[in-house]
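Could you walk me through this structure in plain terms? I'm new to it and would like to know what to look at.

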Amino acid sequence: MTNEFDYKINRKSKDNSIKSQRQLRVGEELRHLISNALLRETFYDQVIENNTITVTEVNVSPDLKNARVYIMPLGGENKSDVLDSLSKANGRLKKLISNKLNLRQIPKLHFRIDETFEYARNIENILQKIKK
């Protein structure tokens, strides 16, 4: 049996705000739809086509009008190029998503590089130095 404290901890996201169940559900569905679109669709952009992009998390605003999409190119290479290309392909991506998402208004997508991988790597390096 979970208490209210456990429930709130599980619902925190990268920006440490508590999300509603609907925000979490829409964010997760957006993450799946964006990942599938990047994997299967053609964007006519060499940067997107030549890089494998991981969508790590999607944070949706309480009014469901904006979504922060955290991405990371495979190997962490070409981050700024991938970010620019995804911002340019935003319209095509929203169109692909709108066919499969059951919302009145599709959230505006704001792409960001996910820094948690670098943060985890830095912590691992610090722990390795301490261990030695």
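Start with Glu28, which is partly exposed at 36% relative accessibility. This is a predicted model, so keep that in mind as you look around. Glu28 pairs up with Arg31 in a salt bridge, and their closest N and O atoms are 2.6 Å apart. Arg31 is partly exposed too, with a relative accessible area of 22%. Both residues sit in helix α2, three residues apart, so about one helical turn separates them. Here's the handy bit about helices: an α-helix has 3.6 residues a turn, so residues three or four places apart point the same way.

That salt bridge has company, since the structure holds three of them. Another one brings together the side chains of Arg92 and Glu41, at 3.9 Å from N to O. Arg92 belongs to helix α5 while Glu41 is in the loop between α2 and α3 (46-50), so this pair ties together parts that are 51 residues apart in sequence. Neither partner is hidden away: Arg92 is partly exposed at 32% relative accessibility, and Glu41 is partly exposed with a relative accessible area of 29%.

Then there's Glu118 with Lys79, where the closest N and O atoms of the salt bridge are 2.0 Å apart. Again the pair links distant parts of the chain, with Glu118 in helix α6 and Lys79 in helix α4, 39 residues apart. Glu118 is partly exposed with a relative accessible area of 28%, and Lys79 is partly exposed at 21%.

Now go back to helix α5, which covers residues 90-98, and look at what is tucked inside: Asn90, Leu93, Leu96 and Ile97 are its buried residues. Looking down the axis of α5, you'll find these buried residues within an arc of 125°, so they line one face of the helix. On the other side, Gly91 and Lys95 are exposed. And what do the buried residues of α5 pack against? Their neighbours are α2 (21-40), α4 (79-88) and β3.

Strand β3 (108-113) leads to one last stop, Asp114, found in the loop between that strand and α6 (116-131). Is Asp114 buried or exposed? Asp114 has a relative accessible area of 2%, and because anything under 20% counts as buried, that makes Asp114 a buried residue. Its side chain has polar partners: there's a polar contact of 2.6 Å with the side chain of Thr56, and another, at 2.9 Å, with the side chain of Thr116.

Technical notes:
Residues are numbered from 1 along each chain as its sequence is written. This is a predicted model: local features need pLDDT of at least 70, side-chain atom pairs count only at pLDDT 80 or more; totals for chains, interfaces and linings use all residues. Side-chain values use heavy atoms; hydrogens and water are left out. Helices (H or I, at least four residues) and strands (E, at least two) are DSSP runs, numbered from the N terminus. Buried means under 20% relative accessible area, exposed over 50%, partly exposed in between (1.4 Å probe, protein chains only). A polar contact is a pair of N or O atoms within 3.5 Å; within protein, one must be able to donate a hydrogen and the other to accept it, and residues adjacent in sequence count only if both atoms are side-chain atoms. The arc is that of the directions from the helix axis to the C-beta atoms. Contact means heavy atoms within 4.5 Å. A salt bridge is a side-chain nitrogen of Lys or Arg within 4 Å of a carboxyl oxygen of Asp or Glu.
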